[in-house]
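Biologist: I am new to this structure and would like to go through a few of its features. Please give the reasoning behind each term.

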Amino acid sequence: MSSGSPWIMRRLQSVYSAASCWSGLAVRNRIEIDADEQDRIDWIRAIPYILLHVACLGVIWTGFSWVAFGVAFGLYLLRIFTITGFYHRYFSHRTFKTSRWFQFVMAFIGTTSAQRGPLWWAAHHRHHHNESDTEHDLHSPRQRGFLKSHCGWFLTHRGFHTPSQYTRDWNRFPELLWLDRFCLIPPIVLGLAMFGLGALLEAFAPGLGTGPWQMLVWGFCISTVFTYHVTYTINSLAHQYGKQRFDTGDDSRNNFLLAILTLGEGWHNNHHHYPATVRQGFYWYEIDLTWYTLLGMRSCGLIWDMKKIPEHVLERGRRPASTTEHSGKS
Ligand SMILES: [Zn+2]
Ligand SMILES: [Zn+2]
C-alpha cells in the first residue's frame with residue numbers, strides 16, 4: 001500500500017494485517033525462523049486460545065440455566081460432528097463427495113470450533129498420517145509427551161504454519177483459502193450470535209433464566225473449550241490407551257470411550273490401518289455416530305460416493321492373532 005493511499009485504505013490495510021496475523025496461512029513466511037525456535041510456543045499468538053479458557057470462568061458470575069446448557073451441548077455435538085465428519089473424513093481423507101456449497105457450509109461450521117481453517121487442519125493431519133509417531137510427527141505423545149501432543153503442538157511456531165503442500169487438491173478453492181486466512185471470523189460470528197440469542201431470550205422468555213453473557217459463556221466459551229479437548233484426545237490419548245487390532249507400526253489405539261465422546265474417532269487404530277474409508281468403526285458393535293449421521297446426509301442427497309471398507313481389511317481385523325492389548329506407551 002503506497003503512502004499516497006487514502007487514509008481509510010491504510011486503516012483497512014492495518015486491520016487486515018492484524019487479523020491475518022492470527023490466521024494459519026499468513027505465517028507461512030515465519031517458518032524461516034531457526035529450527036529450535038520453531039518448536040517453542042508462540043505466546044503472543046496463543047493469547048486468544050488462553051483467553052477462551054479463562055473466559056469459561058465467567059460462569060461463576062453468569063450462573064447456570066438448562067437452556068444455556070442445552071445450547072452448549074447442541075453446539076458441541078454439531079461442531080464435533082463437523083470436525084470428525086468434514087475436517088477429518090472429508091477434507092483430510094476425501095472419503096466421500098459433496099457439492100461445493102455444502103462443502104463450504106460445513107467448512108464454515110467447522111471453523112466456528114476455533115480449530116483454525118479446514119486446510120490448516122487437513123494439512124497437519126495428512127502430515128500426521130505420513131509421519132505417525134516418528135520424530136517428525138508434531139503431536140506424537142511418544143516423541144513429545146502428553147501435553148505437547150494434546151494442546152501444545154499447535155501453539156508452536158511450526159504448528160501455526162500451514163504446510164500447504166499437503167492440500168494442493170484444495171488450494172484451488174478461494175472460499176476455503178479465505179476461511180483459512182480469516183479463521184477468526186466464524187468463531188466471532190458464533191460468539192456474537194450467542195450473545196444476541198441470550199439477549200432475545202432474556203427479553204422474550206425471561207422464565208428461561210438466561211441472558212446474553214450467560215449464553216456467551218455457555219454456548220460459545222464452554223462449548224468450544226469442551227470441543228477442543230475432546231478433539232485433542234485423539235492425538236494424545238488415542239495414541240496411548242486402548243487396543244491395537246492392526247499392527248500399523250505406530251501407537252494408534254481403538255478406544256470405546258473416546259469413540260463415544262468424539263462420535264466415532266476413537267476407533268483410531270482402525271483408521272490408521274485403513275484411512276481411505278468413511279467408517280472408523282469397522283464392525284457393527286463399534287459405535288460410529290459420525291458414520292450414521294453421514295448415512296443420513298447421503299439419504300438426503302447432501303453427500304455421495306462414500307468409500308467402503310474392503311472385505312480383505314475386515315477379514316484381517318477378525319483374526320484374533322492380530323489383536324494385542326496395550327494400556328500405556330509402547
Ligand atoms: Zn493418529
Ligand atoms: Zn486421519
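Biologist: Which residue follows α15, and what is the sign of its phi?

Modeller: This is a predicted model. The residue after α15 is G301, and its phi is positive, near 80°.

Biologist: What makes T290, W291 and L294 of α15 count as buried?

Modeller: A residue is buried if 20 or more other C-beta atoms lie within 10 Å of its own. T290, W291 and L294, in the helix spanning residues 289-299, are buried by that rule.

Biologist: How do you know that they are on the same side of α15?

Modeller: The three cover an arc of only 95° around the axis, and therefore lie on the same side of α15. In general, an α-helix has 3.6 residues a turn, so residues three or four places apart point the same way.

Biologist: Which exposed residues does the face turned away from the buried side carry?

Modeller: That face of α15 carries G296 and S299.

Biologist: What do the buried residues of α15 pack against?

Modeller: They pack against α5 (66-92) and β3 (303-304).

Biologist: Why are α5 and α6 called oblique to each other?

Modeller: α5 and α6 (residues 100-111) pack at an angle of about 125°, with their axes 9 Å apart. Roughly perpendicular ends at 115 degrees and roughly antiparallel needs over 145, so the pair is oblique. The crossing of α5 and α6 is left-handed.

Biologist: Which residues make the contact?

Modeller: From α5 come L78, R79, T82, I83, F86 and Y87, and from α6 M106, A107, I109 and G110. By class, the contact has 7 nonpolar, 2 polar and 1 charged residues.

Note on methods:
Residues are numbered from 1 along each chain as its sequence is written. Chains are lettered from A and ligands numbered from 1 in the order in which they are written. This is a predicted model: local features need pLDDT of at least 70, side-chain atom pairs count only at pLDDT 80 or more; totals for chains, interfaces and linings use all residues. A residue is buried if 20 or more other C-beta atoms lie within 10 Å of its own, exposed if 12 or fewer, and partly exposed in between; C-beta atoms are placed from the backbone. Helices (H or I, at least four residues) and strands (E, at least two) are DSSP runs, numbered from the N terminus. The arc is that of the directions from the helix axis to the C-beta atoms. Two residues are in contact if their C-beta atoms, placed from the backbone, lie within 7 Å. Axes are lines fitted to C-alpha atoms, for helices over the stretch in contact, and angles run from 0 to 180 degrees between N-to-C directions. Angles under 35 degrees count as roughly parallel, over 145 as roughly antiparallel, 65 to 115 as roughly perpendicular and the rest as oblique. A crossing is left-handed if the near helix is turned anticlockwise from the far one by less than a right angle, and right-handed if clockwise. Ala, Val, Leu, Ile, Met, Phe, Trp, Tyr, Cys and Pro count as nonpolar, Asp, Glu, Lys and Arg as charged, and the others, Gly among them, as polar.
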